[in-house]
Amino acid sequence: MFRKVLSLSFALSLGGAAAAMAADAPAPVITAAGAIHPLPQAAYQPDAKATYKVVFALTKPSDKPGEVNPALERVARAVNLYTSAGVPLSHLKFVAIAYGPATGLVLDDEHYRAQFGVANPNLPVIAQLHKAGVDVAVCGQAMAEHKYDNSWASKDVTLALSALTTISDLERQGYALMPL
């Protein structure tokens, strides 16, 4: 009986510690997408003192135009994972470039509605990423190939010459390529 009470007491104290740790976890930076599960006890934690340079290649469209693009969701998740592990936003040098079938995710609401029949669900995510210092860019060549006027891109999106040149130039600068 004593052992059961001791085990129960130990389990409750661990549960309380876990709840306290969860309460101390920083709030996500990107709230419009990118939900995470903080795991401070997990291996391979980011170094809070390091700088992380990543170029995310966004190439796939959403299965449903009314839902946030899955690749953009992963960019938001990356920001939230790094910051929840204590990495300051200023240490995240992230560029997310949309091209190919994913090009449309950057359209302003008016042109997204005209193309897909619904409001652009990606815009709140793009705005939060932009505010957090993530450069969301679009391939200018893909905009032309899709017959999108460059002015149709969200104000929070950078028009790049091309994804090909952007990715290769950023890799030359030490960015890691994350194809999504």
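Okay, so the second largest pocket: 15 residues line it, and Pro61, Ser62, Pro101, Gly104 and Phe116 sit nearest its centre. By pocket I mean an open set of points on a 1 Å grid over the protein atoms alone, where a 1.4 Å probe fits, with protein on both sides within 12 Å along at least five of seven lines; a lining residue has an atom within 4 Å of a point. The volume is about 150 Å³, taken as the space filled by probe spheres set on the points, with points joined across faces, edges and corners. The lining splits into 8 nonpolar, 7 polar and no charged residues. Here nonpolar is Ala, Val, Leu, Ile, Met, Phe, Trp, Tyr, Cys and Pro, charged is Asp, Glu, Lys and Arg, and the others, Gly among them, are polar.

Before I go on, this is a predicted model, where local features need pLDDT of at least 70 and side-chain atom pairs count only at pLDDT 80 or more, while totals for chains, interfaces and linings use all residues. Numbering runs from 1 along each chain as its sequence is written, and side-chain values use heavy atoms, with hydrogens and water left out.

Zooming out, we've got 6 helices and 5 strands, which are DSSP runs numbered from the N terminus (helices H or I, at least four residues; strands E, at least two). Of the 180 residues, 36% are buried, where buried is under 20% relative accessible area, exposed is over 50%, and partly exposed is in between, with a 1.4 Å probe and protein chains only.

Now, helix H2. It covers residues 70-84 and spans 21 Å from first C-alpha to last, close to the 21 Å expected, that being 1.5 Å times one less than its number of residues. Its buried residues include Leu72, Val75, Ala76, Val79 and Thr83. Remember that an α-helix has 3.6 residues a turn, so residues three or four places apart point the same way. And what covers that buried set? Strands S1 (52-58) and S2 (92-98) and helix H4 (123-131) are among the elements doing so.

At the start of H2, a side-chain oxygen of asparagine 69 comes within 2.8 Å of the backbone nitrogen of alanine 71. Just past the other end, glycine 86 has a positive phi of about 100 degrees.

Which residues other than glycine have positive phi? Tyrosine 44 is one, near 60 degrees, in the loop between H1 (2-24) and S1, and it counts as exposed at 83% relative accessibility. Lysine 147 is another, near 65 degrees, in the loop between H5 (140-145) and S4 (157-160). That lysine 147 is exposed too, with a relative accessible area of 68%.

Key: Contact means heavy atoms within 4.5 Å. A polar contact is a pair of N or O atoms within 3.5 Å; within protein, one must be able to donate a hydrogen and the other to accept it, and residues adjacent in sequence count only if both atoms are side-chain atoms.
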